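This report was prepared to accompany a molecular structure. Please consult the sequence and the coordinates shown here while reading.

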Amino acid sequence: MKERNTGMRLCIYEDCYENLYPISYLRPVFELRCGRTLLREKIERALGPADGCFVRDALATAWAEKLACKVNDASLISGQDLMLVNGRAIFANVEIDRQGPEEAAMSGDEVVYARLNAATLQKLGQKTIPGILEAAAKGLPGRQLDVTVVRFPWDLVFANPAAIEDDFRVLGTTGRSGKFADGAYIYGDEARVHISDSAEVHPTAVLDAAHGPIILDEGVVVYPHTRVEGPTSIGRDTLLVGGKIREETSIGPVCRVGGEVEASIIHGYSNKYHDGFLGHAYVGEWVNLGALTTNSDLKNDYSTVSVYLNGKLTDSGSMKTGAFIGDHTKTGIGTFFNTGTVVGVMCNLLGSGGSLPKFLPSFCWYFNEMIAKGTGLRSLIETARAAMARRDIELTAADEGLMRYTYEITKEERDKLVKRDRRKLRVRR
Amino acid sequence: MATVEERIKQVVSSVLNVPEDEIKPEANFAVDLGAESIQSVELVAAFEEEFDIEMDEDEALQVQTVGAAVEFISNVMKEQGKL
């Protein structure tokens, strides 16, 4: 990370988080992963550590525990030169400096960052981030940047390959370091492989870097009969337990992954141990995908895929769009997802032979072709607590508070579908 | 008009595929009527649909017998103005 430039305060903010549900319910948008690193990590790699972050009020308590910088501290947006950075901007392959002239840098009509000096901040007299940004976009010199600003969950998946390449460029190659067994194989240029010192690659594992780099972080183990195809990034302490980890995939820390994964992001602390296909998907944290859980990422008629966002079908613009699965969701064996499915947080889904609905609201159960209330919030929270404890992570009171808040804001959409499907249980007399 | 108990028995019969005349007030849903965990959840949903009520899932899933369900559901119906 760059040396901190004390000349200008750096704050990262989030906005437009609703369009990134379900993967943004329990985290700020800048904590989403693209490539090896989180969006915030890329920003800080380019600009130095943030002095502060601004998030939805509901996330502030939980994330103040997790982030190194101050959270929602209004004193940070006055009194000193300030650089405000959009947490949805992907800072990959960019040359942006923390110190520089006042300006509002845009990507199309989206703010990437605004640099303002203290006097301008005072003159603007704005006390909120949106107010400052609006005034900056109107009043400061502007320029256009070739930077992706994430708008929808699939944008992260589409940007993943370039982000992996950029993360690899920063890391550099290590070739066959770590524990690289006899009988393991690198296909393609070894200079396109980064194997951390504590990573292990077992016999009969193949790292195919012919079409893109491969990153194996600290503690990664690639077990026999696993083929990893670049560009791919495998996060700290993740185990690849056999199968095909295909191109354009990022897997975060402490995951257990097998079967087939293609062009997907698994955020971290999630398991897909067994056979089943995951493609063009974003899977949150603490998800467990049961054996043979499979999603479709291509329609039989090759048309573009639509995804339910905030109650509306939104065209992804792409033929290849998979599933977006919120944190703490669990699927049973043989669960099948249609193309472009959205699954909320903390769901318990049991397949019943066919594809599940394209939208499953947070905190629901699905079984016998029916969305249901299930065993309720308390048991879901206890399951989350138990899952996290298995990895020695505490579910804090603030985390639980955020889950309860999310339960409330998703109640209406869930109750509507629960009542609709419950009619199937009417006794025929 | 069928009583609450009669309607509960009809629901249980439908969900668990057990003849109504085998459903006694003292019958335990899991032990006597064979309800597995998913079916218990389904029963709660079916009762909510039958009686047009909303039950607290934690409390509803603590109910173990048909007779206790009659009492529990009757109380919920009174609280929610359905009885």
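The following paragraphs treat the contact between the chains, a helix pair, a kinked helix and selected backbone features. The model is a predicted one.

**Contact between the chains**

Chain A and chain B each bring 14 residues to their contact. On the side of chain B that touches chain A, the helices α1 (4-16), α2 (37-51) and α3 (57-62) of chain B each supply at least two residues. The largest share of that side, 8 residues, belongs to α2(B). By class, the side of chain B that touches chain A comprises 6 nonpolar, 6 charged and 2 polar residues.

**The pair α1(B) and α2(B)**

Two packed helices are described by the distance between their axes and by the angle between them. For α1(B) and α2(B), the axes come within 10 Å and cross at roughly 140°. Angles over 145 degrees would count as roughly antiparallel, and 65 to 115 degrees as roughly perpendicular; α1(B) and α2(B) are therefore oblique to each other. Their crossing is right-handed. From α1(B), the residues making the contact are R7(B), V11(B), V12(B), V15(B) and L16(B), and from α2(B) they are Q39(B), E42(B), L43(B), A46(B), F47(B) and E50(B). This contact of α1(B) with α2(B) has 7 nonpolar, 3 charged and 1 polar residues.

**Helix α5(A)**

Helix α5 of chain A covers residues 153-171, 19 residues in number. At 1.5 Å a residue the helix should span 27 Å, which agrees with the 26 Å between its end C-alpha atoms. Within α5(A) there is a kink of about 50° at N160(A), shortly before the proline P161(A). Just after α5(A), the residue G172(A) takes a positive phi of about 85°.

**Backbone features in loops of chain A**

Two cis peptide bonds, each leading to a proline, are set out below with their locations.

| Peptide bond | Omega | Loop holding the proline |
|---|---|---|
| Y21(A) to P22(A), cis | near 5° | between β1 (9-13) and β2 (33-34) of chain A |
| G230(A) to P231(A), cis | near 5° | between β17 (226-229) and β18 (232-234) of chain A |

Which value does phi of F363(A) take? Phi of F363(A) is near 70°, a positive value in a residue other than glycine. F363(A) is placed in the loop between β35 (359-360) and β36 (365-367) of chain A.

How values were computed: Residues are numbered from 1 along each chain as its sequence is written. Chains are lettered from A and ligands numbered from 1 in the order in which they are written. This is a predicted model: local features need pLDDT of at least 70, side-chain atom pairs count only at pLDDT 80 or more; totals for chains, interfaces and linings use all residues. Two residues are in contact if their C-beta atoms, placed from the backbone, lie within 7 Å. Helices (H or I, at least four residues) and strands (E, at least two) are DSSP runs, numbered from the N terminus. Ala, Val, Leu, Ile, Met, Phe, Trp, Tyr, Cys and Pro count as nonpolar, Asp, Glu, Lys and Arg as charged, and the others, Gly among them, as polar. The expected span of a helix is 1.5 Å times one less than its number of residues. The bend at a residue is the angle between axes fitted to the seven residues ending there and the seven starting there. Axes are lines fitted to C-alpha atoms, for helices over the stretch in contact, and angles run from 0 to 180 degrees between N-to-C directions. Angles under 35 degrees count as roughly parallel, over 145 as roughly antiparallel, 65 to 115 as roughly perpendicular and the rest as oblique. A crossing is left-handed if the near helix is turned anticlockwise from the far one by less than a right angle, and right-handed if clockwise.
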